[in-house]
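Grab your viewer and work through these exercises one at a time. Each task is followed by a solution that goes step by step.

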Amino acid sequence: MAEETIFSKIIRKEIPADVVYQDDLVTAFRDINPRAPSHILIVPNVLIPTINDVTEADEAALGRMVTVAKKLAAEEGIADDGYRLIMNCNTHGGQEVYHIHMHLVGGKPLGPMLLG
Ligand code: 5GP
């Protein structure tokens, strides 16, 4: 059984976060350390530690993460100029929180694809 992270507590509203969206499959909240004017994390409500742990049973939640990203990008007013969706995996990918999440970042030109 994977160990819960702070994201599970945010999903259950046990600790504060700026939650911008929640449904039966996913929760989205603003990153505590935003690297762009819009920086939102979209996470499955169930704990999946890394992308390596994803199974076919998770496809609905992972698909929902993308449709919610699209919706939130429009709400943030960044859809037309563009934005980036990022999912980090394990140490080489720079993953810090072991509950998979999609970063929605935008609101300024983001430069080359690999962020320093
Ligand atoms: P990772 O490097 O794992 O892809 O990204 C984890 C992200 O979670 C980081 O951008 C970090 O700022 C964010 N984060 C870590 N702890 C918290 C928290 O307690 N609340 C919020 N809102 N974001 C967090």
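**Exercise 1.** In which strand is Thr 27 found? Work out its surroundings too.

*Solution.* Some ground rules before we start. This is a predicted model, so local features need pLDDT of at least 70 and side-chain atom pairs count only at pLDDT 80 or more, while totals for chains, interfaces and linings use all residues. Residues are numbered from 1 along each chain as its sequence is written, and side-chain values use heavy atoms, with hydrogens and water left out.

Step 1: Thr 27 sits in strand S2. Strands (E, at least two residues) and helices (H or I, at least four) are DSSP runs, numbered from the N terminus.

Step 2: Thr 27 is buried, at a relative accessible area of 0%. Buried means under 20% relative accessible area, exposed over 50%, and partly exposed in between (1.4 Å probe, protein chains only).

Step 3: the side chains of Thr 27 and Asn 45 share a polar contact of 2.7 Å. For that label you need a pair of N or O atoms within 3.5 Å; within protein, one must be able to donate a hydrogen and the other to accept it, and residues adjacent in sequence count only if both atoms are side-chain atoms.

Step 4: leaving aside neighbours within four places in sequence, the contacts of Thr 27 include Ile 11, Tyr 21, Val 43 and Asn 45. Contact here means heavy atoms within 4.5 Å.

**Exercise 2.** Which backbone oxygen does the side chain of His 99 reach? Place His 99 in the fold as well.

*Solution.* Step 1: look in the loop between H3 and S5 for His 99.

Step 2: His 99 is buried, with a relative accessible area of 0%.

Step 3: the His 99 side chain gets to the backbone oxygen of Val 46, at 3.4 Å.

Step 4: the backbone oxygen of His 99 has a partner as well, lying 2.7 Å from a polar atom of the His 101 side chain.

**Exercise 3.** Is His 101 buried or exposed? Follow this residue to the ligand.

*Solution.* Step 1: His 101 is in the loop between helix H3 (90-93) and strand S5 (102-106).

Step 2: with a relative accessible area of 7%, His 101 counts as buried.

Step 3: not counting residues up to four places away in sequence, His 101 touches several residues, among them Phe 7, Leu 41, Met 65 and Met 87.

Step 4: an N or O atom in the His 101 side chain is 2.7 Å from an oxygen atom of the ligand. The backbone joins in too: a polar backbone atom of Ile 32 is 3.2 Å from a ligand nitrogen, and a backbone N or O atom of Val 97 is 3.0 Å from a ligand oxygen.

Step 5: on its own the ligand has 530 Å² of accessible area, and the protein covers 88% of that. These areas come from the Shrake-Rupley method with a 1.4 Å probe; for residues, only the protein chains shown count as cover.

**Exercise 4.** Which residue in the loop between H1 and strand S1 (19-22) has a positive phi? Find one in helix H3 too.

*Solution.* Step 1: most residues other than glycine have a negative phi.

Step 2: Lys 13 has a positive phi of about 60° although it is not a glycine, and Lys 13 lies in that H1–S1 loop. At 53% relative accessibility, Lys 13 is exposed.

Step 3: Asn 90, in helix H3, also isn't a glycine and has a positive phi of about 60°. Asn 90 is partly exposed, at 29%.
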